[in-house]
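Colleague: Could you walk me through reading charged pairs and helix packing in a model like this one? I'd like the general idea each time, then the case at hand.

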Amino acid sequence: MKFRSAVRRSTVIIVILIASVFLGYGYQFLCEYLDRKGCPREYNEIVERYADEYGVPEYMVYAVISVESGFRSGAVSDDGKIGLMQINPENLEWLSASMREPLEPKMLHDPAVNIRCGCYYLAYLYSLYGRWTPVLAAFETNVDNVTFWSLETGLTDKSGNLIRTPYDELNDKITAIEEKADVYRALYY
């Protein structure tokens, strides 16, 4: 009788352990599935091409696109930024001269042009700052703002690196892009 009871308890424990393992894997699969659904990689051939060409991590390009436009190539923000990566038309003259190509605002609705310009600009900004927080701050506003903010007390770390801007909404957007980049990196790279 004791033997049957022990076997029954052992069987119940083994079944519970097996069920726990399957539930754990099922939960992990479901979470990863939902994360991937929330982190699509649309325009992947274009992103791969220009991210590689300009040396920008793909996960950062996808994060910018995801947060900025939600992968809508026709997106135009209230402040006039255009396309997938929300390129500021004010930067278009600089991009056109620097890339040695005539660019017009309407061209930014083309995913290939927008992603190429965005990758080029991110690479340029990264060459200036070497850290994503000031790169994204400059991408969202401009280089002059980042230079000015870097001189303000409380916005930089001990080494003088910009760690935040004076604007909560901008800080929230930068954080959202950085967090989305972390998710993309964990899921795909």
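Modeller: Let's begin with burial, bearing in mind that this is a predicted model. Both K81 and E140 are buried.

Colleague: How far apart are the closest N and O atoms of K81 and E140?

Modeller: They are 3.4 Å apart, and the two residues form a salt bridge. It's a link between distant parts of the chain: K81 sits in the loop between helix 3 (58-69) and helix 4 (89-99), E140 belongs to helix 6 (residues 132-140), and 59 residues separate them.

Colleague: Which residue forms a salt bridge with E140 from helix 8?

Modeller: That's K173, with the closest N and O atoms 3.5 Å apart. E140 is in helix 6 and K173 in helix 8 (residues 168-188), so this pair ties together parts lying 33 residues apart in sequence.

Colleague: And why is E140 called buried?

Modeller: Because its relative accessible area is 8%, and buried means under 20%. K173 has a relative accessible area of 28%, so K173 counts as partly exposed.

Colleague: What about D182 and R185, how do their side chains meet?

Modeller: In a salt bridge, 2.4 Å from N to O. This one is local: D182 and R185 are 3 residues apart in helix 8, so about one helical turn separates them. D182 is partly exposed at 41% relative accessible area, and R185 is partly exposed too, at 34%.

Colleague: Which residues do salt bridges with shared partners join into one network?

Modeller: E68, K81, E140 and K173. For the whole structure, the search finds 6 salt bridges.

Colleague: Now the helices. What describes two packed helices?

Modeller: The angle between their axes and the distance between the axes. Take helix 3 and helix 8: the angle is about 130 degrees, and the axes are 8 Å apart.

Colleague: How are helix 3 and helix 8 oriented to each other, oblique or parallel?

Modeller: Oblique, because an angle of about 130 degrees falls outside the ranges for roughly parallel, antiparallel and perpendicular. The crossing of helix 3 past helix 8 is right-handed.

Colleague: Which residues meet there?

Modeller: From helix 3 you have Y59, M60, Y62, A63, V64, S66, V67 and E68, and from helix 8 K173, A176, I177, K180, A181, Y184 and R185. Sorted by class, that contact has 10 nonpolar, 1 polar and 4 charged residues. E68 and K173 turn up in this contact, and both also belong to the salt-bridge network.

Colleague: At what angle do helix 2 and helix 5 pack?

Modeller: About 30 degrees, with the axes of helix 2 (residues 44-54) and helix 5 (residues 111-129) 9 Å apart. Helix 2 is therefore roughly parallel to helix 5, the cut-off being under 35 degrees. This crossing of helix 2 and helix 5 is right-handed. Helix 2 contributes I46, V47, Y50, A51 and Y54, while helix 5 brings P111, A112, I115, R116, C119, Y120 and A123. The class count for helix 2 with helix 5 is 11 nonpolar, no polar and 1 charged.

Colleague: And helix 2 with helix 3, how do their axes cross?

Modeller: At roughly 130 degrees, coming within 9 Å. That makes helix 2 oblique to helix 3, and the crossing is right-handed. N44, V47, E48 and A51 of helix 2 touch E58, V61, Y62 and I65 of helix 3. Here the contact of helix 2 with helix 3 divides into 5 nonpolar, 1 polar and 2 charged residues.

Conventions. Residues numbered from 1 in each chain as written. Predicted model: local features only at pLDDT ≥ 70, side-chain atom pairs only at ≥ 80, totals over all residues. Heavy atoms only, no water. Salt bridge = Lys/Arg side-chain N within 4 Å of Asp/Glu carboxyl O. Helix = DSSP H or I, 4+ residues; strand = E, 2+ residues; numbered from the N terminus. Buried < 20%, exposed > 50% of the residue type's maximum accessible area, 1.4 Å probe, protein only. Axes fitted to C-alpha atoms, helices over the stretch in contact; angles between N-to-C directions. Left-handed = near helix turned anticlockwise from the far one by under 90°. Contact = heavy atoms within 4.5 Å. Nonpolar A, V, L, I, M, F, W, Y, C, P; charged D, E, K, R; others polar. Parallel < 35°, antiparallel > 145°, perpendicular 65-115°, else oblique.
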